[in-house]
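Q: Please take me through one part of this model slowly. I'm after the empty space, if that's a fair thing to ask about.
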Amino acid sequence: MFYFNDFVICKYKSTGDFHEGLAVVSNQDGVHGYIDKTGKEVIRCQFESATDFSEGMAAIKVKGKWGYINTRGKRVIKPQFRRADAFSDGLAIAANMDYADVGYINKTGNFVVEPHQWQNAEKYADGIGVLEKATGEKFFYKDGTFISYNSQWIKPFSEGFSIIKISDNVWRIINTNFNSALTSNFKNFYSSNNGMFRIESFEGKIGYMNHDFHMQIPPVFDKGSDFSEDMAVIELAKGNIIGFIDKLGNMRAFLRGKPFHDIGDFHCGRSRVYANGKFGFIDKEGNQVIPCQYDWTNSFSDGLAFVCGKGYSSYIDVEGKKVIELPILYCSKVQIGEKTVVLKAESEEELRLLKEAKLKELRSQVVSTSGVTIDSERASVQDNEKPHVMKPIDRQANG
């Protein structure tokens with residue numbers, strides 16, 4: 001006897017954040033495309049993989065090779081690379097199919113830094129790239145010139161500064177003219193973000209330094225994020241405190257679990273919070289503006305956040321209003337011997353017709369092989385499956 005188990009799932013197996021008005025999605029077969037802010041699939045699912053848009057272009061994978069499309073879905077750089085990163089300041093890290101080494105390409109797909117000697121490259125930013133040879137020798141690339149710099153490693157430029165590790169616990173900050181702005185001793189020194197450097201003391205405490213290289217907020221926190229929208233998320237082990245601070249060090253603190261177990265970075269004026277197994281959002285005053293009611297959410301990006309719960313997947317705006325209701329698929333699963341067959345349709349009526357056709361097919365098979373009876377009237381209904389949620393997209397396209 002055969003039984004159909006009916007359930008619904010989101011049309012998309014994975015959904016990404018919006019960037020430049022478009023979000024990456026992949027269908028249940030794992031094929032990628034893009035939707036706009038109305039939820040319309042404006043670039044149909046056709047790619048093996050795809051990344052977020054940056055500077056009007058996104059990397060897409062076709063037949064094992066990476067290329068680029070524009071926001072209209074037109075292929076502007078044909079698939080030809082083994083690796084293709086997001087564009088930044090007009091250049092992107094890329095590697096062709098014949099070499100393991102990397103270089104920088106421009107928006108026509110031509111290498112401006114050939115990939116024949118560079119083992120590693122960092123994001124091109126502030127008009128400067130960072131490259132490393134297999135020997136470990138490191139170089140800056142600016143205006144067609146390569147500048148060697150003796151160091152253990154170099155972080156890409158961010159907000160006009162690069163962090164260089166000279167030796168163990170010795171850090172140097174240089175500006176875009178390669179002048180040393182500061183040499184200091186810390187356990188860790190992080191790239192500038194939102195006008196502040198995050199540092200870690202030898203005692204493992206987090207503090208913040210401004211662009212005048214003044215320790216604006218002393219290292220007293222056990223954990224601390226980079227600043228985002230003038231706020232940083234912090235934790236204090238003593239007292240089990242979580243919260244966030246502004247650039248003057250003013251703190252909005254909560255006892256962990258009262259009410260929030262976790263707090264995220266601010267994006268679009270909202271921080272994702274977690275309480276009692278559900279996600280919601282607070283504003284910069286610590287007010288809960290969107291209740292903790294979702295099984296999962298992404299952070300806000302481009303003014304929208306992906307949310308989901310039992311039987312639904314949506315995008316909401318910063319007020320919590322549902323802006324996009326992602327389409328669902330009506331499905332039915334039937335076990336045929338050791339084989340499981342899943343039928344998928346975009347409407348209940350379409351699913352009904354598919355089930356009838358499958359029953360007809362099964363009847364003809366059974367009549368020709370055995371006396372097994374098919375009960376076409378009975379069907380056990382399975383609870384709606386939780387829609388799939390996208391893992392964070394790696395903006396670096398590899399392999």
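How many cavities of 30 Å³ or more does a search of the whole structure find?

A: One cavity of 30 Å³ or more turns up; a cavity is a set of 1 Å grid points where a 1.4 Å probe fits but can't get out. Keep in mind that this is a predicted model, where local features need pLDDT of at least 70 and side-chain atom pairs count only at pLDDT 80 or more, while totals for linings use all residues. Residues are numbered from 1 along each chain, and side-chain values use heavy atoms, without hydrogens or water.

The largest cavity holds about 30 Å³, counted as the space filled by probe spheres set on the points. Its lining (residues with an atom within 4 Å of a point) includes Thr51, Asp52, Tyr68, Asp85 and Phe87. By class, you get six nonpolar, one polar and two charged residues. Strand S7, residues 57-62, gives the most to this lining, with three residues.

Now follow Asp85, one of the lining residues. Asp85 pairs with Arg83 in a salt bridge, closest N and O atoms 3.0 Å apart (a Lys or Arg side-chain nitrogen within 4 Å of an Asp or Glu carboxyl oxygen). Both partners are buried, meaning under 20% relative accessible area.

Next, look at the loop between strand S6 and S7, where Glu55 lies. Glu55 meets Lys107 in a salt bridge of 3.4 Å, N to O. Lys107 lies in the loop between strands S11 and S12, so the pair ties together parts 52 residues apart in sequence. Glu55 is partly exposed at 31%, and Lys107 is partly exposed at 33%; that label covers values between 20% and 50%.

Terms used. On a 1 Å grid over the protein atoms alone, a cavity is a set of points where a 1.4 Å probe fits but cannot get out, and a pocket is an open set with protein on both sides within 12 Å along at least five of seven lines; lining residues have an atom within 4 Å of a point. Helices (H or I, at least four residues) and strands (E, at least two) are DSSP runs, numbered from the N terminus. Ala, Val, Leu, Ile, Met, Phe, Trp, Tyr, Cys and Pro count as nonpolar, Asp, Glu, Lys and Arg as charged, and the others, Gly among them, as polar. Buried means under 20% relative accessible area, exposed over 50%, partly exposed in between (1.4 Å probe, protein chains only).
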